[in-house]
Amino acid sequence: MKKIALSGAGGQLGSVVRKALLARDIPLRSAAGSRALTPLVDGEDVMHGDLRDPAVVDRLLEGVDVLIHFAGTSVERPLPEIIENNLRGLVEVYEGARRHGVRRVVFASSNHAIGMYPVTEHLSLDCALRPDGFYGLSKVWGESLARMYWDKHGIESVCVRIGSCLERPTEPRHLSTWFGHKDLMHFLDRCIEAEDVGFTVIWGVSANKRSWWDNRGAEHLGYQPQQDAEVYAAEILAAPNPLDALGQRYQGGSFVGLDYSRDDIDSDASGAAAGRSK
Ligand code: 15L
């Protein structure tokens, strides 16, 4: 059986994945950042540490076949923090993958790499990237880094542009962006089991009726989502939308309004989408 390492195992999503992988009896090494993890089952291989330190990365990747890399800053933060956690940390992780012959990395990218697209657009996997902040920008960089390590070093990556990965959708935007936990675990199973993935980018989204994202081109992974946020639509649409006008206009939702300074919001996105950049 393949040995899996999970970074970010103490985080919101990492905790869900950790429990589910252990329940499947998958040989797992769970790694957190600053706080130590208590093993959830007898003999669980747990560790913690700063992934900018190559010795910590060595401990993470020794004997590992597939790394599920969920560590890093997962929201908009000041640039120095993003650079340390999401840029420097990621280089150390991929360099560690080289040292240890790790065959495959699942890189948690994000919909915030494309958050500046208006909600009226439907996106294919090869769309131009339009990050909605420094966090989204770090995911653009991460996807390119993964591409480089495949092209130059033969390390496979699945870059998953995660939408809103929640137990259940709670607001209108999620009717398009929801990535249900069942679908997430099926997706990770495919990332572990699929034969050859090379460099693959895929939208981390359920089979939502209102999805903005089209996974055609990533069929080789075998990801076939079953969940659909539409089941919750009536309930969600009966409540007020928590997003402001800007957040409702763009796919990145609330991230878009952080440090936003344009005053021509009626003319921006469609013009830029058509290649105009006034
Ligand atoms: C993300 O990338 C974030 O990590 C998460 O906290 C959510 O904001 C999610 O995107 C989303 O867009 O809903």
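Trainee: What makes Val56, Val57, Leu60 and Leu61 of helix α2 count as buried?

Mentor: Buried means under 20% relative accessible area (exposed is over 50%, partly exposed in between; 1.4 Å probe, protein chains only), and these four residues of α2, 54-61, are buried. α2 is called a helix because helices are DSSP runs of H or I with at least four residues, strands being E runs of at least two, numbered from the N terminus. Keep in mind that this is a predicted model: local features need pLDDT of at least 70, side-chain atom pairs count only at pLDDT 80 or more, and totals for chains, interfaces and linings use all residues. Residues are numbered from 1 along each chain as its sequence is written, and side-chain values use heavy atoms, with hydrogens and water left out.

Trainee: How do you know that they sit on the same side of α2?

Mentor: They cover an arc of only 125 degrees around the axis, which puts them on the same side; the arc is that of the directions from the helix axis to the C-beta atoms.

Trainee: What do the buried residues of α2 pack against?

Mentor: β1 (4-7), β2 (28-32), β3 (45-48), β4 (66-69) and α3 (79-100). Contact here means heavy atoms within 4.5 Å.

Trainee: Why is the Asp53 side-chain oxygen with the backbone nitrogen of Ala55 called a polar contact?

Mentor: A polar contact is a pair of N or O atoms within 3.5 Å; within protein, one must be able to donate a hydrogen and the other to accept it, and residues adjacent in sequence count only if both atoms are side-chain atoms. At the start of α2, that oxygen of Asp53 reaches to within 2.9 Å of the Ala55 nitrogen, so the pair fits the cut-off.
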